[in-house]
Amino acid sequence: MENRPVLIAPSLLAANFLKLGEEAAMLNESEADWFHLDVMDGRFVPNISFGLPVISQISKVAKKTCDVHLMIEEPEKYAEAFQKAGANMLTVHYEACPHLHRNIQQIKSLGMKAGVALNPHTPVGLLENVIRDVDMVLIMSVNPGFGGQSFIEQTYHKIAQLRQLITDSNAHALIEVDGGVSADNAGQLIQAGANVLVAGSAVFASADPAKTISELKAAAVAGLGKM
């Protein structure tokens, strides 16, 4: 078995917003590793989710890493505010950052881990010159902005390409996958090279979210065992 971390990061975008405290408590007690928090601005993506006040409240009760995914324009304007709200990992989109290296340095200077997200059409090779600077790369396996979309099959190849780039560059970035993740494809995603699996609808729309998280984790670990 290859020795690399396998993490499950349920996306609270799919949670019941009337019961966020209960949902957070469930995640704390579950086998989930991270809280995944999706921020949308209605500009970079055609939807609006939640922002600083919600994350500030969740981070106060979260006993695990708060993994904040910014699907917003001009993320540099808000990085410090998200750090103060409790973000541990802050991910910005390649497509929203014309000065990406500067964005990465800003996030790290604030004491957070830095991630870069790639939309489905964005090639992984564009990260060649910053791959050693980032802590994580988030591969979008659906088009960002809406939950519940179908998984894009090309993602497996893209993950494998990114894993090769990380290896060739002697980098240490984690690979996160977001969109259409379930227990059915978790093992294959890990085999392709992923480390962190984000699951929203698969977890929170299930009858027993904690059990679903456990099943996701088991499927992911089984995938690693086949390496």
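**Notebook: helix 1, loops and overall form**

I began with Ala24, which I located in helix 1, spanning residues 20–29. The model is a predicted one, and I read each entry below with that in mind.

**Entry 1: Ala24 and its surroundings**

Is Ala24 buried or exposed? I found a relative accessible area of 1% for Ala24, which is under the 20% cut-off, so the residue is buried. I then looked up its contacts, leaving aside neighbours within four places in sequence, and noted Phe35 and Val61. I also took the C-alpha distance from Ala24 to Ala62: the two residues lie 6.6 Å apart in space, with a separation of 38 residues in sequence.

**Entry 2: Helix 1 as a whole**

Which residues of helix 1 are buried? I listed Leu20, Glu23, Ala24, Met26, Leu27 and Asn28. I next asked what covers these buried residues. The cover includes two strands, strand 1 (7–10) and strand 2 (34–40). It also includes helix 2 (52–61), helix 7 (201–204) and helix 8 (209–225).

**Entry 3: Positive phi outside glycine**

I recorded two residues with positive phi that are not glycines, Glu74 and Asn170. The background to this entry is that most residues other than glycine have a negative phi.

For Glu74, I read a phi near 50°. I placed Glu74 in the loop that runs between strand 3 (65–71) and helix 3 (79–85). Its relative accessible area is 32%, which falls between the cut-offs of 20% and 50%, so I entered Glu74 as partly exposed.

For Asn170, phi is about 55°. Where is Asn170 found? I traced Asn170 to the loop between helix 5 (155–168) and strand 7 (174–178). Asn170 has 52% relative accessibility, which is over 50%, and I therefore entered this residue as exposed.

**Entry 4: Pro123**

I found Pro123 in the loop between strand 5 (113–118) and strand 6 (136–140). Its relative accessible area of 48% makes Pro123 partly exposed. From Pro123 to Ala218 I noted 30 Å between C-alpha atoms, at a sequence separation of 95 residues.

**Entry 5: Cysteines**

How many disulfides does a search of the whole structure find? I obtained zero. I checked the accessibility of two cysteines, Cys66 and Cys97. Cys66 has 2% relative accessibility and counts as buried. Cys97, with a relative accessible area of 6%, is buried.

**Entry 6: The protein overall**

I counted eight helices and eight strands in the secondary structure. I compared the radius of gyration with the globule rule: for 227 residues a compact globule would have a value near 17 Å, and the protein, at 16 Å, agrees with this. Taken along the principal axes, the box filled by the C-alpha atoms is roughly 45 × 40 × 30 Å.

Buried residues account for 54% of the 227 in the protein. I then turned to contacts between residues at least 6 apart in sequence, and found that 67% of them join residues at least 24 apart.

For the surface, I noted an accessible area of about 10000 Å², with 49% of it belonging to carbon and sulfur atoms. Finally, I looked up the charges: there are 17 positive and 24 negative ones, and their mean positions are 4 Å apart.

Note on methods:
Residues numbered from 1 in each chain as written. Predicted model: local features only at pLDDT ≥ 70, side-chain atom pairs only at ≥ 80, totals over all residues. Heavy atoms only, no water. Disulfide = S-S within 2.5 Å. Buried < 20%, exposed > 50% of the residue type's maximum accessible area, 1.4 Å probe, protein only. Helix = DSSP H or I, 4+ residues; strand = E, 2+ residues; numbered from the N terminus. Rg over C-alpha atoms; globule rule 2.2 N^0.38 Å. Contact = heavy atoms within 4.5 Å. Areas by Shrake-Rupley, 256 points an atom, 1.4 Å probe, with all protein chains shown as cover. Lys, Arg positive; Asp, Glu negative; His and termini not counted. Charge placed at Lys NZ, Arg CZ, Asp CG, Glu CD.
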